[in-house]
Each structure stands twice: as C-alpha cells, then as structure tokens.
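This report covers the overall make-up of a protein chain, its nonpolar cores and a selection of its salt bridges.

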Amino acid sequence: MPHPDLDRYLDAAVGGVGGTTRPGQVQMARAVSDAIDRDEHLLVQAGTGTGKSLAYLVPSLLHAMDSDHPVVIATATLALQAQIVDRDLPRLAEAVAPIAGRRPTYALVKGRRNYVCRHKLDGGIPDDDADALLGVGAVDATVGRLGQEVLRLRSWAEHTVSGDRDELVPGVTERAWRQVSVSARECLGTKCPQRAECFVERAREAAKEVDAVVTNHSFMAIDAFEGRVMLPEHDVLVVDEAHELVDRVTATVTDELGAGSVATASRRCGRLADGSALAEAGDVLGEVLDGLEEGRLDAPPTALVQALMRVRDTARGIQSELKPDKGQAEDADAGARKVAQAAVEEVFDTAERILEGRELDVVWLSKDPRRGGVLRVAPMSVAMDLRDKVFGDRTVVMTSATLELGGSFDAVAGTLGLRGAGAPAWSGLDVGSPFDYPRQAIAYVAKHLPQPGRDGTAEQTLDEIEALVRAAGGRALGLFSSMRGAQAATEALRERFAADGTDIQVLCQGEDQTTTLVRQFAREPRVALFGTLTLWQGVDVPGTACQLVIIDRIPFPRPDDPLTSARTEAIGRVGGNGFMAVAATHAALRLAQGAGRLIRRGDDRGVVAFLDSRMITARYAGFLQRSLPPFWPTTDRELVLGALRRLDRTAGPVTPVHEPALRSLTGEVTQDAVSATPRPSATEPHPAPPSTRSAVTGGHAWTDDQDAELREGVDAGLSLDELADHFELDAEVVEARLAALRLSLQPQAGFAFDEA
C-alpha cells in the first residue's frame, strides 16, 4: 500500500515548487510508494509534464526517513543531475520540513576521476609523462607545457569545497586533469597519507548520512557489478532516464587493448620491475593487429591468440614482481607502485577476457594511425548482469518518458533482464501525459522528399528545411543523424539567409559547449539550433523559443556496428526478427526522445517535421508511430507552413533561462564553492584561453598540436570513437571540435565509450 502520509507530502512538495496537482504525478507517486512497500520492481513511463521527479522523490524520501536507509537515484545525463540537486531537492526539502520535523538531506556522488586527488597534486603519485610530471612537481609556470593549467588547478584545489571538476570554469585539458586525478585502480586507498582530506572519501562519507544519494548510471553499475561498495547500503534504487541504462552499462563494462596500452604499462613499471618483456609482447601484438582487417573478430586467428597469450602471461609475471615483500613498510615508491600495478592489471585482465571468449562477448578491431590497432571487447547483452546485480537485492524503480516502444514495455524489459525464465516480478505503468498532444502539436511527414541516402543531404531536403525555418521565424531545433548533415544544413541556411538579409541566426552543435548553445537558443526567438547526439534528448526549452523540431531521417544504428550486428544475428539465430528487435527498437527510442523536445508544457504549440517518407511508407512505420506522442498527423506541406507562420506571428516572449549553480561537498547549491576563475554570466564572454590552446569546446581546451592530430586522423579515415579514444575524451567533445574546424568524418563502424 502507498505510504499513509504520501498525499500530504506530495501536496506540500508540489506547492513548494509552485506547481499544481497532476493526475499522472499522483498516480505515479502512489505506484512508486506501493512498489517500495511490496518490494516489487516498477517500470513507469511518464510523459513530459508529468512531474516525474517529484513523483519518485517524495515516496523515496518518505521511505528513507522511515527506514534510516538512503535511497539512490541514478541519472544518465548531467543536466538531469543538476536539475534534481540544484532545483528539485532543495525546494522539496524546504517544503516538507515542517511536516517531517526535519529537512531531508541529499548528496551528489561521482566517480573518482571527477575529483582532484590531493596526494597526486602534491607529487605523491607520479605520471609517465615527463612534461606533465614537471608541471605538477614545480610551481614555476614556465616549466612544462601544462604548467599554467596545473598551477591553476593547484590554486583552485586550495579553495574548492567539493574538488569536483564540474566546478572548474573554464575547464582544463583532459591531459592536465589527469595529472591531478586518479582512477580507482591507481588510488592508494587506506594507505594514502592524505586519506582524511580526500575529496572522494569525504563525499562518500557524507553520503552515508543523507536520505537521498544522486549519482549516474555508470557509477551505479560499477558499484553493483564490481562490488566496490562506493555507494552507501540501500534498499531502493530509482533509475531515471532508464531508456539509457543498457547503453551506459555496456560502455562501463567495455575494455580495450592495444600495443599502446601495453607500452604504457611497461613504462609505468619504471625501476620497480623489468618491463622490457612486456614491451616486446606489446610490439608483437601491434604487428599482428596491423595485419588484420578492422571489424568483428568472431574467431580470432591463431597469431592473435598467441600474441594475446604472450601479453597475458608476461603481465602475470610482472604482477608478481610488483608485489611488495610481506611485512614491508610503505615507502616513497608506494604511489608509483600502485600506478604500475593498475596499468599492468588492466592489460592482464583485458587480454585474459578476450582469450576466455565469454559467451556474450563481442570482440572487434579498430585502427588508429598513432596508436595502431586497438582491440575492444564488450558484452552483446547485459540483461542477465542487470537482473542479478541490479535487480537482485533491492527494489528498483525505472522511469523515463520513453519506456513503451511500439505500445509495449516488453522490448525495454527484455534488455533489462526482466523477461524470460527466472525473471523477477515487476509491473509496468504508463501514467500518460497532461498534454493534449493532438491539439498542441502537428506531426508532419514530408512524403514528397527523396528517401535519405548515403550521399549527404539532398538539395530538396535543404529546401524543405529552409522553408520550415523561415515559416517558423527561427524557433527551430534540428535533430540530425550525423554531424555532417547538421553542418551541411547550417552552412546552406546561413548562406541563403545572408543572401536576402533574413535575420535568423543558425547555430550548430560544436561551435561552443552544448549547454551554452542551448541557453542561447532558449533566450532568443529568431534562432535555429542544429546538431546531433545529445540534442536528441535532455534539451528542455519550453515556450515560444522552440516551436519546430526537424528530424532529418529515421535514426537507425549503423548495420555494421559490431554490437548492433552481433545482437541482430543472435536474435535471428533463435528465430526472432533481429531488425525489429534491434534496429527498429533503437530508432523508435531515438524518435520518441527527439519528438519529445517540442511540447514541454501545457501552452506549448508547434510542429515535429519528419523529412523521411519511410515514417509512413515502410512496413515498420506503424511500430515507429506507436512509439511517438499522439500528435495530429499530416503530409500537407502548405498547411504546416501556414501553421508555423501563424505561431510565429502570435508568439509571446521566450521563457527566462536558468543559469547553472555551484554546489558544496554534498551537492547542495552554495556560493561558497569557489572556483579559481569567477563563473562568467550569461552575457559575458568566457575568459580567453592561454596561448597554448587554440579553443575550448565541450570543456576541453584544444592546442594547435591536437588540432593538427585531429586533422590527420580525419584524413586517415578514423571514426569518432577512435578519435575519442586517441585523445582520451568523450565523443561529444571531439565531435564538437570537428564541427568547429569544419572537418567531416567518413562513415565507419564505431562504438562510443563513456567513463564513469
């Protein structure tokens, strides 16, 4: 049964945020409370406008305060984390405090790499990069190429309350950040002399005393899969943006191995162990990989198996050599030893995993002109791992605006391990949406356009985009399946608008940080924003700033993607429809997320334009349509253009834009969290980067040398994930820089990796 005080607390919370009671929100809150009471898993589809955050936060906090066990809330995106920690939880806590007799507490917890390491900052843990080591160890800004950035990091570390990288604005290069942070394997743990001052340990200790812990999918997965006990003991887990969970978990448990990573492990052994044999084994592996074709390796050739065995066995021997003698006291080499052990252990574990040939693992080869061949291994499915390690010993609530695909929860439930023999009990609930979609929005399919192909955006399609954006007076979010398509449309419309003096500004993802571009789009009506990737979800621009969403084509995954092809073939072998189960399901999810960018509140109006006639002509069109909100459908071009013109003429002022907030150690909004450089306002330009940087995109400062490397990689035909791996950056950051430099990637198979 729902908690007896649930309705009273929910009413107070809704009033505290200035909202009104919504039937779907009440229904969801009662279902969450009932699921917690019955200890049964729940999948909830809650459309935009439901107020789902409060619908799960209120019953979860009630349980936490009654049981003295915190609830864990995991999100996929930083944007939703910020919304929950900076807006929802503070207002909810204040609103229910008079009823509860105390203010509910909460904390934000992230992976270790997100925090500065005091011990490494002081030189306690070395790096194998000589320039970087000098930059960390010396305070002379002229020493080392990274000296200026490291000095800034040292100054910031003296004042920061949280040690959280996201607090540092503007950002620093990934290479600089790695000089002041450590991975979980590199951390000295209880043997660290600065453990008492460790930002990570302080954040996790603080999290043990709160009612709600907010984290991300990857961190939650590592905690559950590897048993590191990084999160406090809990019996309720809420996963928001649950449609992203499988991809985030898959990325978390993906490993890679190449000659470069073996060489790095060898160098890190330094004088603690003889790494020459490992270096030789890595060279042999590199030579074998150079002779192989890119793509899936269903049956690794004998030469590769032998090379991997040599790497594994050599790494095992060095692991023994790196172990300190029994009873040996900690010495000055403790930090270097831990770094070496971590690197060698990673090489050993990945080589062993590939050689094991686990039933669900998929192995493939990608190539990089600088790193050579890189082997990657990932599970084809994480369903059973999720069933056993996430759903096994706690009540789990999964929620998203898109969990029902084609009118059923079955597709998503299957990927989560909730179907088949031995699956735990669960229930699914669609609480709908408070919006009147048929009256608020039009779904327009441009059936007269040629079917999208591989030769770029057709001229007729560019004409259609121009006509739509002109009619809307800007106010347009363009969602493209590739950055090349977004760039082509951006350039075409800029030229056409400049030619006749049309005062519509066209922004393209990659020309600045995505969050900055979205805020600019939301502030100014006569603006169109084009892009891909993250713009398909997480963009929340209510009001008249966004009255047109353009989707250039059905966003199918690439058929030669290693994981996509393996999953499709596996389903086909057991008699299933691999295309519908994998490609169509992926496309339906992305379409639902993209179309959901339009209607964000009850008075929003607009058009979602699909520039792909297959939305009504293909045999799978009905499945895709059932995954979308019930917009009013049409193929009448003139009707749509007329509707957009009327909306533009009658549009009111745009909705005010909220700026990001600073947080304390536990994640509460605070003005005491000080960064070394004051945060610029929305109207002030960001401080100019030091002269060694060519630009800042996605929070990463690019140097001229890195830009040159990026151009070489594009010329060599590298894919986005290969470039991201080479620079050790998120794919979005690399894609943003490619766009800024007007560089286009050749179509290639690939898979994106995220670090927890």
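Which residues are linked in a network of salt bridges? In this predicted model, the network is made up of E459, D463, E466, R470, R496 and D500.

The protein chain has 29 helices and 20 strands. Of its 756 residues, 56% are buried. Its accessible surface is about 30,800 Å², and carbon and sulfur atoms account for 49% of that. Among contacts between residues at least 6 apart in sequence, 77% join residues at least 24 apart.

The largest nonpolar core contains 76 residues, and those with the most contacts inside it are L386, V390, M398, L416, L477, F610 and L624. Leaving aside neighbours within four places in sequence, M398 is in contact with residues including L42, V239, F391 and L416. Another core lies apart from the largest one and has 40 residues, among them A13, V14, A35 and L429.

The count of salt bridges is 40. Three pairs are listed below.

| Pair | Closest N to O | Separation in sequence |
|---|---|---|
| R590 and E244 | 3.4 Å | 346 residues |
| R590 and D247 | 3.8 Å | 343 residues |
| E352 and R312 | 3.3 Å | 40 residues |

R590 is in helix α23 (residues 578-595), whereas E244 is in the loop between β5 and α11. D247 belongs to helix α11. R590 counts as buried because its relative accessibility is 17%, under the 20% limit. E244 is buried too, while D247 is partly exposed at 32%. E352 lies in helix α15 and R312 in helix α14, so their salt bridge ties these two helices together. E352 is partly exposed at 22%, and R312 is buried at 15%.

How values were computed. Residues numbered from 1 in each chain as written. Predicted model: local features only at pLDDT ≥ 70, side-chain atom pairs only at ≥ 80, totals over all residues. Heavy atoms only, no water. Core = buried A, V, L, I, M, F, W, Y, C linked by side-chain atoms within 4.5 Å. Buried < 20%, exposed > 50% of the residue type's maximum accessible area, 1.4 Å probe, protein only. Contact = heavy atoms within 4.5 Å. Helix = DSSP H or I, 4+ residues; strand = E, 2+ residues; numbered from the N terminus. Areas by Shrake-Rupley, 256 points an atom, 1.4 Å probe, with all protein chains shown as cover. Salt bridge = Lys/Arg side-chain N within 4 Å of Asp/Glu carboxyl O.
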